[in-house]
Amino acid sequence: MSIKPPSEQSLLSEIKSLHETINVLREENSTQRGLLAEYQNKYAELANHIQPKPHAVPSQTSPAHFLILGNGRTGSSWLTTNFNQLPDVRAHRQIGWRLGDQPDHPQRYSINKSDSMTAIIDAACDSREPTPLHVAGSKFIFQPYTYTHSEIYSQLSECIEPDIKLIYLKRAYLECFLSWKVRGVAHSIDPAIDAKQRIPNVLENHIPQTELRHLVLNSRGVPLSDVSGTPYPVNQAVDDILVMFSNDILARRLVENRSGKIIDYSRIRDEFTALAAFIGSSATTKICRDIIANPLTQKLPDLSDYLHPSQPLAEIAGLLDNIFWQNESNSVSWLKDNTLRLNIPGLADAFNRWGVVAARDGDAVIWRPQKPVMLI
């Protein structure tokens, strides 16, 4: 059976139809390109408003800058909001390390290795003031959900300009642990003081839970207490604390190399006047004392009664607290970027006593974080 070739008229009709289809596709493509360009411009404007451009050079009239660093729940919000009440200081929002495509957040700014910390602080504080701003600052908090790779600290050192004043907050590890795990991120805000703040959204307004959970430590699935509560593996609890400890050890090097201040949580109130002068404020002692007497965020009750039993973590956390303040370099060493050797007297015995599983190297403990490692 022979196939009859298409007629010339039929071919012309098909060609015409194809041309029409191509023109429609071109028109749709042009429209889509136009919409894409429009949204790219809108995004660029928004991004420019939210995030400062990398490598921004501060002007000659730029204010003095400071940065508060520390683990979460170490009093950074309390100190930041107190600084923000000083008449010549603005301290605003929170800065974090940018990993991938993170969503924007009204209280947080992100930084990566190509950015300028000075520019990020200026953007976070918003330089549009009726009068020239004398001092501007923010806080950079290490989160407990990941182990911060040591290289990030090296990158931070490059991002943070030498003239930025650094304050590092250190809190007892058991207090930090309980604040995260029992209460979570919570602030009790004094509304009368909030009305005096110059900027909204100074911090996230998290209301403390009325029902706090009791944590019951267990080892290899066996509860270490007969109290009713939420089971929590002792190995995981120790891992939580060691993440904080490694952050403290690494960040201390950064702060000390810049002649910064390391302040214990319990001393923030007593040191506030001196810290205000350190960051460059000219506020009088009376003004500082009035601010400390009327803070924006109120201190929350102690949580030691919510851990059962408390002895395992109290003993282990106490050993780590002591070794941090003693600053003995031979006690802590990194075998790899995510492997920590802890040659701390009594630590291995405490691990054995409370069923904490960890590798040993003679009298030292070898620790690898259970949490994911935060890489650049």
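This passage looks at a four-stranded sheet and at the helices associated with it.

The structure is a predicted model, in which local features need pLDDT of at least 70 and side-chain atom pairs count only at pLDDT 80 or more, while totals for chains, interfaces and linings use all residues. Residues are numbered from 1 along each chain as its sequence is written, and side-chain values use heavy atoms, with hydrogens and water left out.

The sheet is a good place to start. Helices (H or I, at least four residues) and strands (E, at least two) are DSSP runs, numbered from the N terminus. Four strands make up an open sheet, in the order E14-E15-E17-E16, with antiparallel pairing; two strands pair if DSSP finds at least two bridges between them. Strand E14 (332-336) and E16 are the edge strands, each pairing on one side only. From one strand to the next, the twist averages 30°. Angles run from 0 to 180 degrees between N-to-C directions, and axes are lines fitted to C-alpha atoms, for helices over the stretch in contact.

Strand E17 (residues 364-367) has a partner in both E15 and E16. With strand E15 (residues 339-342), E17 pairs in the antiparallel sense over three bridges, and Leu-342 has Val-365 of E17 as its bridge partner. Strand E16 (residues 359-361) and E17 are likewise antiparallel, over three bridges, and here Asp-361 stands opposite Ala-364. E16 and E17 form a hairpin with two residues between them, and Gly-362 in the turn has a positive phi of about 65°.

In a regular strand, side chains alternate between the two faces of the sheet. In E17, Ala-364 and Ile-366 point one way, Val-365 and Trp-367 the other way, and all are buried (under 20% relative accessible area, with a 1.4 Å probe and protein chains only).

Helix H7 packs on this sheet, touching E14, E15 and E17, and its direction makes about 100° with that of E14. Helix H7 (residues 234-257) also packs with helix H4 (residues 150-159), at an angle of about 25° and with the axes 10 Å apart. H4 is therefore roughly parallel to H7, a term for angles under 35 degrees. The contact (heavy atoms within 4.5 Å) is made by Ser-150, Tyr-153, Leu-156 and Ser-157 of H4 and by Asn-247, Leu-250, Ala-251 and Leu-254 of H7.

Notes: Parallel < 35°, antiparallel > 145°, perpendicular 65-115°, else oblique. Buried < 20%, exposed > 50% of the residue type's maximum accessible area, 1.4 Å probe, protein only.
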